[in-house]
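Trainee: Please pick one part of this model and take me through it closely, from its surroundings to what lies next door.

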Amino acid sequence: MSISIAPMVRISTSPFRYLMRLLSHHCIVYTPMLVSNFMKYGNIEHINDRLKFHPLEQPIIAQIAGNYAELLSIAARKCYHHYHYHGININVGCPAKSASTFGINQMLLKNRTSFISSIKELKQNNPTIPISIKCRIGVSNQKSYDEFKQFIDQCMEVNYDQFTTNCFT
């Protein structure tokens, strides 16, 4: 059994993750959400600062979000191969207005076909990278069990490694 320490913006910093690792060697820690566009177009020093971690934080998962398969692939490869993260978590549940403005996260639940296509392409182009998906139970008016189950069934078409549900809506 593993315990995950959920990623939290402005909380899941390297010192926080290090503290969690000291409390338990069995928990899995995550970065705060990184937007895939940032990984391609951002300032390299700022990227390095956001992605650095203490070796004792391992296993650590980089949580990324985006709405284009190419940018998700670039971000996943950088995090996994260059920065040596243990895996990649795709966030499909952040309700923040800033995330919605860019058409990422909970907005992806409203455009499931595009999301599934992006994740399929991500996994096909990066078969060795462990990919997990984290989503909310629902968004806006899409909160029924049937809609959530349909989304999970659609995700089953993708060869991801783990699916996590955030029970907030």
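Mentor: Happily! Just after helix H4, His84 takes a positive phi of about 65°, and that helix is the part I would pick. A word on the basis: this is a predicted model, in which local features need pLDDT of at least 70 and side-chain atom pairs count only at pLDDT 80 or more, while totals for chains, interfaces and linings use all residues. Residues are numbered from 1 along each chain as its sequence is written, and side-chain values use heavy atoms, with hydrogens and water left out.

H4 covers residues 69–82, where a helix is a DSSP run (H or I, at least four residues; strands are E, at least two) numbered from the N terminus. Its 14 residues should span 20 Å at 1.5 Å a residue, and the end C-alpha atoms are 19 Å apart, so the two agree. That expected span is 1.5 Å times one less than the number of residues.

Which residues of H4 are buried? They are Ala69, Leu71, Leu72, Ser73, Ile74, Ala75, Ala76 and Cys79; buried means under 20% relative accessible area, with exposed over 50% and partly exposed in between (1.4 Å probe, protein chains only). Covering these residues are, among others, the strands S3 (34–35), S4 (60–65) and S5 (87–92). Helices H2 (36–41), H3 (44–51) and H7 (112–125) are also part of the cover, which rests on contact, heavy atoms within 4.5 Å.
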